[in-house]
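Please read this report with the sequence and the model side by side. It takes up a helix pair, a further helix and a few single residues in turn.

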Amino acid sequence: MNESKRLSISMTTRELVLGWLYVPIQLVFLAPLLQFLFRFMNWPMNTPVRVVWFNGIFWTVNFLVTIVIYHRFLGLSLTQLRKRFVGFIEAVVLGLVMYRAMSWLIALCIRFLQPVYQNINDSSIADMARINPTIILIGTVLLVPVAEECIFRGLIFRGIFQKSRLAAYITSTVLFGFLHVYGYIGTYPATDIVIHTLSYLPAGIALGWAYEKADTIMAPVLMHAIINAVAFSVLT
């Protein structure tokens, strides 16, 4: 099968331009801007409760901007889901099985490298969930999957896939892992950052595979939501 036919829903020039313009805004500028607004409203993030609300607002803004930019792409992806519903379900189920198998193998490797290991990001989410589980549940299960999948599978994976399938998997997976660790660089040892990145490789690979198999971004979105929901239930 020709690779270009596996991912039949393309993005318009507008979606590509706005999408790539928003990536550095999301990663670099959005959080400081929201922090400035919090201070301007005399609501500094000096308590755990306010930190939780800050994250909830960050996820909400990011989700809304994602919908504005990619609404056409998401709409066509929903249509594709309905047309290929059986294939969609198959991709999600097999993708989750693949994710669990790879996660088990990666966990063995991590325990070998660092016998006492705790996922930095999971610990942070667990702490916030104990303060306000509703905000964290909505954010991680409903808002984050849509925003992250549009960037990492829709914008990055899909764009590179048309030229190189292998490069698409490597690039999107590595960047997906980096998203979850870059905020901790300088705070934790480099070895911890590398190991932490490794823990996200199974998800990056499995989400890309589900997207390719189902030919709709809704497959990795649903997978991502299920993975986060299971993690949330375990952490809380």
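The paragraphs below describe selected features of this structure, which is a predicted model.

**The pair α2 and α3**

Two packed helices are described by the angle between their axes and the distance between the axes. For helix α2 (residues 13–40) and helix α3 (residues 48–83), the axes come within 11 Å and cross at roughly 160°. Because angles over 145 degrees count as roughly antiparallel, α2 and α3 are therefore roughly antiparallel to each other. The crossing of these two helices, α2 and α3, is right-handed, and the residues that form the contact of α2 with α3 comprise 15 nonpolar, five polar and four charged ones.

Ala 31 is a residue of helix α2, and, leaving aside residues up to four places away in sequence, Ala 31 touches Phe 54 and Phe 58. With a relative accessibility of 23%, Ala 31 counts as partly exposed. Between the C-alpha atoms of Ala 31 and Lys 213, which are 182 residues apart along the chain, the separation is 34 Å.

**Two loop residues with positive phi**

Most residues other than glycine have a negative phi. Asn 42, although not a glycine, has a positive phi of about 55°, and Asp 215, likewise not a glycine, has a positive phi of about 60°. The table sets out where each residue lies and how accessible it is.

| Residue | Phi | Loop | Relative accessible area |
|---|---|---|---|
| Asn 42 | about 55° | between α2 and α3 | 64%, exposed |
| Asp 215 | about 60° | between α9 (201–214) and α10 (218–235) | 3%, buried |

Asn 42, in the loop between α2 and α3, is thus exposed, at a relative accessible area of 64%, whereas Asp 215, in the loop between α9 and α10, is buried, at 3%.

**Helix α5 and its surroundings**

Does the length of helix α5 agree or disagree with the span expected at 1.5 Å a residue? The 12 residues of α5 (residues 120–131) should span 16 Å at that rise, and the end C-alpha atoms of the helix are 18 Å apart, which agrees. Within α5, the buried residues are Ile 120, Asn 121, Ile 125, Ala 126, Met 128 and Ala 129. An α-helix has 3.6 residues a turn, so residues three or four places apart point the same way. As for their partners, the buried residues of α5 pack against α3, α6 (133–161), α8 (190–198) and α10.

Notes: Residues are numbered from 1 along each chain as its sequence is written. This is a predicted model: local features need pLDDT of at least 70, side-chain atom pairs count only at pLDDT 80 or more; totals for chains, interfaces and linings use all residues. Side-chain values use heavy atoms; hydrogens and water are left out. Axes are lines fitted to C-alpha atoms, for helices over the stretch in contact, and angles run from 0 to 180 degrees between N-to-C directions. Helices (H or I, at least four residues) and strands (E, at least two) are DSSP runs, numbered from the N terminus. Angles under 35 degrees count as roughly parallel, over 145 as roughly antiparallel, 65 to 115 as roughly perpendicular and the rest as oblique. A crossing is left-handed if the near helix is turned anticlockwise from the far one by less than a right angle, and right-handed if clockwise. Ala, Val, Leu, Ile, Met, Phe, Trp, Tyr, Cys and Pro count as nonpolar, Asp, Glu, Lys and Arg as charged, and the others, Gly among them, as polar. Buried means under 20% relative accessible area, exposed over 50%, partly exposed in between (1.4 Å probe, protein chains only). The expected span of a helix is 1.5 Å times one less than its number of residues. Contact means heavy atoms within 4.5 Å.
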